[in-house]
Amino acid sequence: MTATTTHFENSWEFARQLDQEDELKYFRERFKIPSHGHEHATYFLGNSLGLQPRSTELYISRILEDWERYGVEAFFMGADPWLEYHDKLTGPLTEIVGAKSSEIVVMNQLTVNLHLLMSSFYRPVGKKNKILCEAKAFPSDQYMLESQCRIHGLDPESTIIEVSPRKGEDLIRMEDILQKIEDHKDELAIVLWGGLNYYTGQYFDIAPISKAAHKADALIGVDFAHGAGNLPLQLHDWDLDFACWCSYKYLNSGPGAIGAAFIHERYHNRVVNRMAGWWGYRKETRFKMEKGFIPVNSAEGWQLSTPSPILYASHLAALEIFEEAGMEKLRSKSVRLTGFLQFLLDEINRKIPDERIRVLTPREIEWKGCQLSMLVPGKGRKIYDSLMREGIFVDWREPDVIRLAPVPLYNRFDEVWRFAKELEEALNSVTR
Ligand SMILES: *Cc1c(COP(=O)(O)O)cnc(C)c1O
């Protein structure tokens with residue numbers, strides 16, 4: 001069996017065999033797995049809050065020790081001076097998101113970063129003021145865009161253009177996105193897209209969207225909350241103007257983890273409008289505390305406040321695991337894990353005459369990551385409850401959507417198999 005195997009069998013033995021052959025299997029031991037009674041729970045919510053690496057505690061405790069030992073001097077002293085800690089994070093991130101290290105800044109949290117970057121890149125001028133986004137974007141992104149319009153004195157209703165799935169369809173078609181950009185090219189200021197939709201799990205082909213936006217003389221920013229650490233990204237080569245993501249989902253850096261942003265290098269040496277703070281000031285003379293803002297000539301020029309070394313530490317602990325495993329291998333296992341899940345769902349549907357599970361996520365492996373979202377009409381909530389009782393952690397959304405994400409760092413094939421078994425039993429026993 002090779003990494004490209006697409007042949008699956010519906011048996012426990014087969015799932016166990018895949019686990020035995022899995023070259024990443026030992027990474028599971030690097031994480032703390034939640035428990036259910038005396039056993040490990042089956043945790044499929046790495047798309048919501050990734051699990052805790054065993055090393056996180058140690059990394060954080062080192063920060064606390066340096067704080068204890070040196071006080072404020074810990075910014076300059078100790079084995080890992082806090083002032084230089086940021087540079088340890090950008091290395092592993094360049095691999096994960098496909099960018100130069102100068103294009104990455106680790107700071108704040110996601111919605112904050114979206115606002116900061118919009119303040120630089122959303123510059124409505126006259127009728128060229130429209131924002132294009134996906135319909136049903138993550139709520140925080142919607143609120144962010146609404147308020148950005150209002151800040152500029154614009155009406156969100158008429159300023160935000162949404163692209164929706166066609167009637168009767170679940171997914172947004174690429175051709176419709178490109179057409180909308182073309183239709184509105186004279187009034188489009190910016191495209192703000194969700195790289196992987198949190199609800200359907202649809203992953204978008206960003207390069208052509210980026211190209212179309214630029215051709216329409218508009219900018220493009222992408223929210224990769226569900227993309228970072230899930231799929232290999234190429235932010236620089238896709239020629240995005242900016243992007244941002246959070247680190248507590250697939251990146252396992254803990255609740256409220258420090259987020260990050262990508263800003264294309266073409267902006268680093270230009271005069272750009274931005275919200276400024278002392279942490280974005282040129283490093284050599286930052287502590288002279290002089291009047292007149294001079295930014296760092298990199299994405300770091302967008303920083304505002306003193307970052308938390310505690311959050312840096314929990315981020316680093318997680319990133320080093322990614323570095324060791326490698327995005328390519330992670331993606332290859334993910335393709336098989338989620339492929340196995342899709343296969344088992346097909347098996348269930350085959351046994352049940354009137355198709356009871358409808359997978360919303362694209363079937364094509366290149367247009368999805370770890371996550372599958374499924375609609376279980378009339379039974380979603382009850383099935384969710386029965387899975388949770390069995391210690392299988394998945395997510396439920398109105399109306400009847402169950403979402404789950406087997407992740408390659410700590411999930412196993414036999415867990416996917418067990419989920420399918422429990423789901424089938426629940427489908428047969430739960431009434432509407
Ligand atoms: C998870 C998520 C957020 C959450 O943002 P925070 O500011 O970190 O709370 C925003 N947007 C998308 C698309 C998300 O998936």
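## A cis peptide bond and a positive phi

Pro399 is found in the loop that connects β16 and β17. The peptide bond leading into this proline from Glu398 is cis, and its omega is near -5°. This description rests on a predicted model.

A further backbone feature occurs at Asp239, where phi is positive, at about 65°, although the residue is not a glycine. Asp239 belongs to the loop between β10 (219–223) and β11 (242–245). Most residues other than glycine have a negative phi, and most peptide bonds are trans.

## The four-strand sheet

The strands on either side of Pro399, β16 and β17, belong to an open sheet of four strands. The order in this sheet is β13-β14-β17-β16, and the pairing is antiparallel. The edge positions are taken by β13 (358–359) and β16 (395–397); each has a single partner strand, so one side of each is left without a neighbour in the sheet.

Two bridges join β13 to β14 (residues 372–375) in the antiparallel sense. Which residue of β14 is the bridge partner of Arg358? The partner is Leu375. Helix α11 (residues 380–389) lies across β16 and β17 (401–404), and its direction is at about 165° to that of β16.

## The seven-strand sheet

A second open sheet contains seven strands in the order β6-β12-β11-β10-β9-β7-β8, and its pairing is mixed. Which strands stand at the edges of this sheet? They are β6 (104–106) and β8 (160–163); because each has a single partner strand, one side of each is left without a neighbour in the sheet. From one strand to the next, the twist averages 20°.

Within this sheet, β7 (residues 130–134) and β9 (residues 188–194) are paired in the parallel sense over three bridges. In this pairing, Lys130 stands opposite Leu188 of β9. Helix α7 (residues 174–183) packs on the sheet and touches β7, β8 and β9. The direction of helix α7 makes about 155° with that of β8.

## Domains and their contact

The domain assignment divides the chain into domain 1 (12–32 + 326–430) and domain 2 (59–324). The C-alpha centres of domain 1 and domain 2 are 30 Å apart. How many residues does each domain give to the contact? Domain 1 provides 27 residues and domain 2 provides 24 residues.

## The largest pocket

The largest pocket holds about 290 Å³ of space. Its lining consists of 17 residues, of which Lys136, Pro165, Asp170, Tyr199 and Thr200 are the closest to its centre. By class, nine residues of the lining are nonpolar, four are polar and four are charged.

From which domains is the lining of the largest pocket drawn? Domain 1 and domain 2 each supply at least three of the lining residues.

Terms used. Residues are numbered from 1 along each chain as its sequence is written. This is a predicted model: local features need pLDDT of at least 70, side-chain atom pairs count only at pLDDT 80 or more; totals for chains, interfaces and linings use all residues. Side-chain values use heavy atoms; hydrogens and water are left out. Two strands pair if DSSP finds at least two bridges between them. Contact means heavy atoms within 4.5 Å. Axes are lines fitted to C-alpha atoms, for helices over the stretch in contact, and angles run from 0 to 180 degrees between N-to-C directions. On a 1 Å grid over the protein atoms alone, a cavity is a set of points where a 1.4 Å probe fits but cannot get out, and a pocket is an open set with protein on both sides within 12 Å along at least five of seven lines; lining residues have an atom within 4 Å of a point. Grid points are joined across faces, edges and corners, and a volume is the space filled by probe spheres set on the points. Ala, Val, Leu, Ile, Met, Phe, Trp, Tyr, Cys and Pro count as nonpolar, Asp, Glu, Lys and Arg as charged, and the others, Gly among them, as polar. Domain bounds come from an automatic or database domain assignment.
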